[in-house]
Amino acid sequence: MKKLSIALLIAMVSMSLFAQGAAEAKSEELAATNEIVIWSAASEEETAALVAKFNELHPEIKTTIITAGSNELKTRLMAEQPKPSGDILMGIAKETYDEFYDYFTPYRTANHDSIAETVRDKGDTPRYYGYSMPLQCFIVNTKIFPEGTGPTSWKDLADPKYKGEIIMANPALSGSAYAQLYMMYSLFGEEFCKQVAKNTVYVASSKTVPESVARGEYGIGVTGEANVATYIEAGDPVTYRYPTEGTGARFDASAIIANCKNFKSAQLYMDFLTSYDAYKIINEVKNRRVVINELPGPKHLPALGEINLFDYNAVEAAELRNDLSDKFSNWIL
Amino acid sequence: MSNKKPRMKGKDITPFLVFFLPMLFLCIFLFWPLLNTLLRAFMKMGSKFSLDNLSLQGFKRIFTMPIYLSSLKNSFIVGISVTVLSLLIGVPMGYCVARVRIPGKKMILSLGILPVIMPSFIGAFSWIILLGRQGTLRAALNWMLGPLGLQIPSIYGLGGIIFCMTMTYYPFVFLLAEGAFGAANALLEDSAMLMGASRAHIMRTITLPLILPSLGAASLLVFIRAIGNFGIPAILGGETYVLPTLIYFRINGFWDLNGAASIAVVNVIITGTVLYLQKRLVSKRQYEVVSSARSQIRQHENKGARIFASIFCFIVLVTSLLPQITIVIMSFFTKWTGLFPEGFTLNNYLRIPKNSGHEFFNSMFLSLVATFLTAILGSLVAYITERRKPKGAAVLDMAIMAPFVLPGTVVSVALISAFHNNGIIALGGTYTIIIISYMIRRTPYVYRSVVASLTQLNPSLEEASTIAGAHWIYTFRRVSVPLILPGIISGSILTFSTLLQELSTTILLYGAKTRTVPIQIYSAVNEGLLGQASALSVILLLIVFIITYISNHSGKASLSAGLKMG
């Protein structure tokens with residue numbers, strides 16, 4: 001009898017596991033109509049502020065937020081095909097949307113006309129709309145390189161006198177890390193990139209770049225401008241430098257995930273996310289540059305008009321990515 | 001699964017159920033996803049899974065591209081150096097704690113586990129705060145050493161990775177060695193001494209052979225963890241890349257599952273070879289140990305030995321706990337970018353009840369349930385492979401260990417791809433999938449621990465029970481389980497402690513309902529809120545410390561007891 005009871009216990013434990021899984025899944029499907037699941041690479045605080053405002057407008061929609069790094073969210077998106085559990089992907093580099101174009105659903109938001117064509121997917125029913133504009137720039141430690149010293153241009157990064165002082169994220173890591181490499185490649189070509197590679201330490205964690213420069217471990221980093229503002233705000237001895245040749249006009253975007261469960265709610269959310277109110281929140285909470293001109297530039301950073309921008313050829317960048325990253329990995333050795 | 005009929009009519013179906021269920025579980029959640037990953041390794045780069053795509057492209061890259069070759073080399077160097085250094089530190093320390101009368105043994109044992117359970121991305125950041133180019137400790141040491149013309153190098157690069165990993169993983173060796181030294185049958189040593197053998201001779205011919213299986217298991221743990229670690233090389237490595245870095249690039253940067261699988265397979269082959277060597281080394285030995293009675297281990301009483309042992313243990317312990325100390329200090333401040341932390345505050349703690357209550361519940365709940373199930377699964381499978389020795393035991397062994405070798409991301413992606421919303425078993429966004437993947441990833445702990453206990457347990461006790469007419473399931477329950485219980489418990493404590501800080505799997509699987517504390521820590525670190533992240537980590541560390549301290553005090557379940565022989 002005792003044996004049997006042990007066997008039964010084990011059987012029950014394992015059955016209940018499956019049963020629990022099935023029950024949870026079922027209840028989710030039934031209540032799907034008034035829900036929305038948002039995958040956000042933006043900070044928790046910023047996402048929560050946006051969702052709070054959205055719920056004021058649509059109190060009937062139950063909102064679930066998943067925040068994680070853009071790499072993790074991308075991995076989730078791919079792994080969960082063809083039935084993703086999220087409805088909205090927001091705050092990830094636009095290259096990701098181009099690269100995995102089929103994973104997103106076209107939708108023309110209510111605010112379509114107020115978003116310039118340069119900061120959304122081209123066409124009448126875009127698959128993604130701009131969220132914020134994290135321009136890539138240099139972060140410079142002012143204790144190591146006070147005013148008037150240190151690099152001011154991409155070209156300077158190849159100068160041997162900065163060897164060992166420059167830190168960047170490995171282009172194999174993410175869309176924005178690759179974008180930095182591609183910008184240099186499109187401006188000056190392969191030989192130049194080789195020289196920069198010799199001068200620079202390329203790390204496997206993009207978070208390390210601004211952190212290291214703020215701590216003075218390295219003097220110069222290439223990173224998103226919002227990171228620079230964060231460390232300036234925290235009182236660390238850093239400043240921004242926008243390379244004189246210009247920086248690529250890139251942006252972060254948001255989109256509805258293809259095959260999502262709550263398409264209707266997702267549309268309402270995209271309408272909200274492209275509204276002035278939403279951009280105001282993005283602009284204010286974490287002090288970000290947004291894609292509409294009505295709002296000021298972020299605190300601690302220059303206005304858009306003062307920054308030299310050049311057109312970033314996302315199509316060519318995407319085509320070259322595998323090849324260029326492979327070549328690059330040989331240069332750094 | 002319950003309608004499966006027993007093969008032999010009228011026979012007790014218990015053994016069948018007892019072994020069939022774990023095997024079914026393993027087939028579904030381990031073998032299938034693993035097979036999937038294995039096949040992918042032989043496909044063209046990209047994420048498409050199709051048998052028309054067969055190619056060796058992935059492997060060709062690994063053995064032709066310089067970055068892969070150098071990463072392969074680095075992985076080897078790191079794995080071997082960390083293992084050797086951990087042995088050099090852990091074995092003497094284990095000996096000191098087990099065989100020399102020094103104060104605070106239980107404290108040392110309880111604190112000793114902490115380095116292992118620190119999330120490595122936090123550990124590495126703490127080392128930068130301490131030993132980076134602008135590191136506080138480095139500045140202090142250089143100030144002291146300056147007059148001597150010495151300079152402490154900064155923590156970056158291969159040396160830093162090896163140092164940091166050794167300080168993280170030596171506890172495996174220390175704890176297992178302590179357990180073995182503390183339990184090696186004293187009667188054997190006593191008899192040798194009575195017959196006039198010298199201490200060195202006893203050490204070489206009796207003590208060391210007896211603790212060899214423990215050292216083998218410990219080295220294996222260290223080696224596997226060292227060549228699988230991503231966090232430390234990512235943050236400290238600079239351009240020193242290792243295989244896990246490249247896997248991370250292939251998955252997160254390119255969504256190239258096939259390419260990632262190829263690297264993962266190479267990683268598994270390396271570990272498999274080491275595993276095989278370790279098994280051969282251990283199985284060649286014959287063990288005398290039969291009695292289950294314990295006898296008092298003789299301790300060194302001489303003053304010199306006691307002072308030396310105390311100082312040695314103290315230095316190692318404090319050095320390896322430096323990141324934890326840093327985290328505790330950091331948790332009372334808002335930032336630490338200069339030499340000293342700034343902005344004293346208690347807010348990092350005060351906000352926890354309100355902001356993290358649910359996360360703490362989830363972490364505890366998920367870890368406890370997964371640990372309980374892992375304990376059952378791990379011990380049963382260990383018993384099957386060790387005692388029943390079915391055909392293909394080696395394959396089973398490999399398969400169980402594989403999730404331990406593979407980076408968490410690879411295992412999670414394999415699981416999600418295999419099960420997400422495919423209609424057979426609905427798991428997406430539930431507690432269930434997290435528990436299952438925890439089980440798959442952590443079964444090796446209990447499994448290893450129990451296998452080690454079993455190898456040291458002479459089968460004659462079990463044989464005696466069988467000869468006396470007991471059904472083998474009765475034997476398992478009444479003879480084997482009580483004897484391997486310490487192994488099960490210590491494996492479970494290790495499982496629980498490491499699950500509490502699990503990140504790489506959870507981050508791909510968590511839903512709003514199932515958010516855990518490490519996810520919160522990760523996002524705080526990402527937003528530069530190191531103070532908040534530290535406070536949460538301190539609470540996790542405290543929980544683990546209390547559990548291990550209590551279990552060390554209760555004697556029977558001490559963490560190192562997994563390898564008790566006497």
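Visitor: Where does Arg133(B) lie in chain B?
Guide: Arg133(B) lies in the loop between α6 (120–131) and α7 (136–145) of chain B. Helices (H or I, at least four residues) and strands (E, at least two) are DSSP runs, numbered from the N terminus. This is a predicted model, in which local features need pLDDT of at least 70 and side-chain atom pairs count only at pLDDT 80 or more, while totals for chains, interfaces and linings use all residues. Residues are numbered from 1 along each chain as its sequence is written, and chains are lettered from A and ligands numbered from 1 in the order in which they are written.

Visitor: Why does Arg133(B) count as partly exposed?
Guide: Because Arg133(B) has 16 C-beta neighbours inside 10 Å. A residue is buried if 20 or more other C-beta atoms lie within 10 Å of its own, exposed if 12 or fewer, and partly exposed in between, with C-beta atoms placed from the backbone.

Visitor: What does Arg133(B) touch, not counting residues up to four places away in sequence?
Guide: Gly216(A), Glu217(A) and Ser154(B). Contact requires that the C-beta atoms of two residues, placed from the backbone, lie within 7 Å.

Visitor: Over to chain A. Which domains is chain A divided into?
Guide: Domain 1 (30–133 + 250–297) and domain 2 (136–248 + 306–331). The bounds come from an automatic or database domain assignment. Taken over C-alpha atoms, the centres of the two domains of chain A are separated by 27 Å.

Visitor: How many residues does the contact take from each domain of chain A?
Guide: 13 residues from domain 1 and 12 residues from domain 2 of chain A. On the side of domain 1 that touches domain 2, α4(A) gives the most, with 5 residues. By class, that side of domain 1 of chain A has 1 nonpolar, 4 polar and 8 charged residues. Here Ala, Val, Leu, Ile, Met, Phe, Trp, Tyr, Cys and Pro count as nonpolar, Asp, Glu, Lys and Arg as charged, and the others, Gly among them, as polar.

Visitor: And the largest nonpolar core, how many residues has it?
Guide: 261 residues, and Ile88(A) and Ala177(B) have the most contacts inside this core. Helix α8 (residues 158–183) of chain B gives the most to the core, with 16 residues. Domain 1 and domain 2 of chain A both give residues to this core, so it lies between them. A nonpolar core is a set of buried Ala, Val, Leu, Ile, Met, Phe, Trp, Tyr and Cys residues joined through C-beta atoms within 7 Å.

Visitor: What order do the strands have in the open sheet of chain A?
Guide: The order is β8-β7-β9-β6-β10, 5 strands with mixed pairing. Two strands pair if DSSP finds at least two bridges between them. β8 (200–203) and β10 (238–241) of chain A stand at the edges, each with a single partner strand, so one side of each has no neighbour in the sheet.

Visitor: Which way do β6 and β9 of chain A run, parallel or antiparallel?
Guide: Antiparallel, with 5 bridges joining β6 (residues 136–141) to β9 (residues 220–224) of chain A. Val140(A) has Ile220(A) as its bridge partner in β9(A).

Visitor: Which helix packs on the sheet?
Guide: Helix α7 (residues 208–215) of chain A, touching β6, β7 (166–169), β8, β9 and β10 of chain A. The direction of α7 makes about 140 degrees with that of β9(A). Axes are lines fitted to C-alpha atoms, for helices over the stretch in contact, and angles run from 0 to 180 degrees between N-to-C directions.
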